Structures are given as structure tokens and as C-alpha cells.
Amino acid sequence: MKLKGKKTLITGTATGIGREIALRFATTGAEIVAVDWDEKNNKDTAAQIISRGGRCGAITADVSSETDVTRIFDAAGQIDILINNAATVQGDGYLMELSGENWDRVLAICLKSVFLCTREALKSMVPRKAGAIVNLSSANALMGINLAAYTAAKGGIISLTRLTAAHYARYGIRANVICPGTIGSESSELYYQEHPELGAQLRALYPGGQFGKVQDVAACALFLASDDAAFINGAVIPVDGALTASHRIPSLNP
Ligand SMILES: NC(=O)c1ccc[n+]([C@@H]2O[C@H](COP(=O)([O-])OP(=O)(O)OC[C@H]3O[C@@H](n4cnc5c(N)ncnc54)[C@H](O)[C@@H]3O)[C@@H](O)[C@H]2O)c1
């Protein structure tokens, strides 16, 4: 029961990695506040946790909206752990084909949400001189592949997290980043079914020949949020099966 009694607010819990983090944290004693704008599936996440004996409340909200984020934290009360996980790639694409409107939307959902939620969480963490924040970036931020707005937002998350760590360590607060490689979540699997050539090309870049699982990311988030990671602050941790470590030059790296 590593996180016994720790109130943990997680964004993007209706599906995928966020749902898995919520389920995993609940089994270690955390009280989950599950936030997503997909009310139906988010309530399902909460119901799954409660049916397994865990504690979870679901909040329906848009994490890119300042008004909604204020409402979320007013309802949640004091937070011990924040996991900024919600994101989107909808409307994103190659830089020269991207509209300003879609850029703004993706940046708002992927990056502004992290700023808004972090700011509100710090208000309850700083006075108590304790707190852990785990932000979901992406291998995209370390590599520069397609999806211009998403990649820029995920790079911004790394910088914002390191700034948070540097400024708030004196208050006993830690902030770390996970950079997943391709993870077989529902949405990514759907995406690669629709873009099979891209999926095959991408899989070939993985030195182990396979994508990761939502459980791989949840395990890392649990470690970073727990006291086991007490001296890990401002770290950027790839969970990517050596994708970003490899040269991807076949003759040099067979
Ligand atoms: N799956 C991957 O391959 C992969 C790879 C690298 C990084 N990541 C990162 O991991 C995190 C989770 O990825 P995933 O694949 O589980 O994503 P997903 O698309 O399956 O889930 C994202 C969740 O966020 C919610 N959401 C989106 N916008 C929201 C908003 N404005 N307000 C509230 N909720 C909102 C969605 O409803 C959804 O439930 C994301 O930050 C993603 O960028 C994923």
C-alpha cells in the first residue's frame, strides 16, 4: 500500500494510460480523483476502481479550460499527487499543413492544461510542504517526428516540469516527466489501424521490435509518485524500449 491515503488527481482517465494509472494507483491505497471530459467512460473507470474495493470520484471537465480546472480543484480539495496525462493529437499533423487554430487547440489541451493543473495543485501542496507531480510527455519531444503541435507541447511539458522541480523542491515537492514511446493503448491502436504503413514503419524502429503496454507506463508513474523516488526530481524518463537510445542506422546497429 505504497500510496495509502494519498489523494491523487489524474487527468485523462477515461481510457488508455490514464485509466491504467488510476486502476494501478487505487490498488496501492491511493484515493483517486479521475478527471476527463468523456463522462461515460470516466465514470466507468471510477466504477471499476470502486468495484475492486478502491476509492475514486469522477469529475467531468475540460482540462484546457481555466474555469473547469478551478472547478476541478475546488471539488477535489487537498491533493497529494498530480498526474497530468490528458492529451490529444486530433487535428495535428505536419508543420506546413497545420492550421493556427489546430495548433492552438492541441497546445491548449496538451500543455496549457499541465500549467493550469500544476498551478492549482501547488496551491494545496506548497503550504503542506509535500507533493509529487508526474507529467506525461512523449518520445516525440526527444526525437522530432511528425505531429508538430503535439511534439512542441510535449517539449514544453519537459521544460515546465523541470522548472517546477527547480522552483518547488524547497517545499518538498517533486515533479518528473515520463516520455513514453508508442504504447498499445486503445487510441494508439486505433490510430495505427487507420495508418497501417506508419504503424509498421514505427514498429521497425523499436530495437525490441514491439510497442509498450499501458502497464509499463503506470508502473513508472507509480514509482515516481511514491516515496521510493524521494530524491528523483526534475527527471525525464523514457519508457520506450530503447527507441530514443538507438541510432536506427541498420548497418551500425543491427
Ligand atoms: N499511447 C501512446 O503511444 C503514447 C505515446 C507517448 C505519449 N503518450 C502520452 O500518454 C498520455 C496518455 O496517452 P493515451 O494513449 O492513453 O491517450 P488517450 O487518447 O487514449 O487518452 C487521453 C485521455 O485524455 C482525455 N482528454 C483529452 N483531452 C481532454 C480534455 N481537454 N479534458 C479532459 N480530458 C481530456 C481523453 O478523453 C482520453 O480519455 C498522453 O499524455 C499521451 O500524449 C502516449
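Buried means under 20% relative accessible area, exposed means over 50%, and partly exposed lies in between, with a 1.4 Å probe and protein chains only. By that cut-off Asn 135 is buried, at a relative accessible area of 2%.

This is a predicted model, in which local features need pLDDT of at least 70, side-chain atom pairs count only at pLDDT 80 or more, and totals for chains, interfaces and linings use all residues. Residues are numbered from 1 along each chain as its sequence is written, and side-chain values use heavy atoms, with hydrogens and water left out.

**Stop 1: Asn 135 and Asn 84**

Select Asn 135. Asn 135 belongs to strand 5. Helices (H or I, at least four residues) and strands (E, at least two) are DSSP runs, numbered from the N terminus.

Which side chain does the side chain of Asn 135 contact? Add Asn 84: the two side chains make a polar contact of 2.8 Å. A polar contact is a pair of N or O atoms within 3.5 Å; within protein, one must be able to donate a hydrogen and the other to accept it, and residues adjacent in sequence count only if both atoms are side-chain atoms.

Stay on Asn 84. Asn 84 sits in strand 4 (residues 81-84). Asn 84 counts as buried, because its relative accessibility is 3%. Now add Thr 118. The side chains of Asn 84 and Thr 118 make a polar contact of 3.4 Å.

**Stop 2: the ligand**

Select the ligand and its shell. How many residues surround the ligand? There are 26, and the closest are Ile 17, Asp 36, Asn 85, Tyr 150 and Ile 183. A residue is near a molecule or strand if one of its heavy atoms lies within 4 Å of it.

Colour the shell by residue class. Twelve of its residues are nonpolar, eleven are polar and three are charged. Ala, Val, Leu, Ile, Met, Phe, Trp, Tyr, Cys and Pro count as nonpolar, Asp, Glu, Lys and Arg as charged, and the others, Gly among them, as polar.

Next, show the helices. Helix 1 (16-27), helix 6 (148-168) and helix 7 (186-194) each supply at least two residues of the shell.

Turn on distances. The side chain of Tyr 150 has an N or O atom 2.5 Å from an oxygen atom of the ligand. At Ile 183 the partner is a polar backbone atom, 2.7 Å from a ligand oxygen. Ser 187 offers a polar side-chain atom 3.0 Å from an oxygen atom of the ligand. The protein covers 90% of the 820 Å² of accessible area that the ligand has on its own. Accessible areas come from the Shrake-Rupley method with a 1.4 Å probe; for residues, only the protein chains shown count as cover.

Switch to a surface. Where does the ligand sit? The ligand is in the largest pocket. On a 1 Å grid over the protein atoms alone, a pocket is an open set of points with protein on both sides within 12 Å along at least five of seven lines. A molecule sits in a pocket if more than half of its atoms lie within 2 Å of its grid points.

**Stop 3: two positive phi angles**

Go to Lys 129, in the loop between helix 4 (100-125) and strand 5 (131-136). Phi is near 55 degrees, a positive value in a residue other than glycine. Is Lys 129 buried or exposed? Lys 129 is exposed, since its relative accessible area is 52%.

Move to Ala 242, in the segment after strand 7 (236-239). Ala 242 is not a glycine, yet its phi is positive, about 75 degrees. Ala 242 counts as partly exposed, at 34% relative accessibility.

**Stop 4: C-alpha pairs**

Select Gly 181, in the loop between strand 6 (173-180) and helix 7. Gly 181 counts as buried, at 12% relative accessibility. Add Phe 211: the C-alpha atoms are separated by 7.3 Å, with the two positions 30 residues apart along the chain.

Select Cys 56 in strand 3 (residues 55-60). Cys 56 is buried, with a relative accessible area of 14%. Its C-alpha is 6.9 Å from that of Ala 34, 22 residues apart in sequence.

Select Ala 219 in helix 9 (residues 214-225). Ala 219 is partly exposed, at 33%. Ala 219 and Ile 21 are 198 residues apart in sequence and 7.9 Å apart in space, C-alpha to C-alpha.

Finish at Asp 68 in helix 3 (residues 66-76). Asp 68 is buried, with a relative accessible area of 19%. Tyr 192 is 124 residues from Asp 68 in sequence, and the C-alpha atoms are 32 Å apart.

How values were computed. 1 Å grid on protein atoms, 1.4 Å probe; cavity = no way out; pocket = protein on both sides within 12 Å on 5 of 7 lines; lining within 4 Å.
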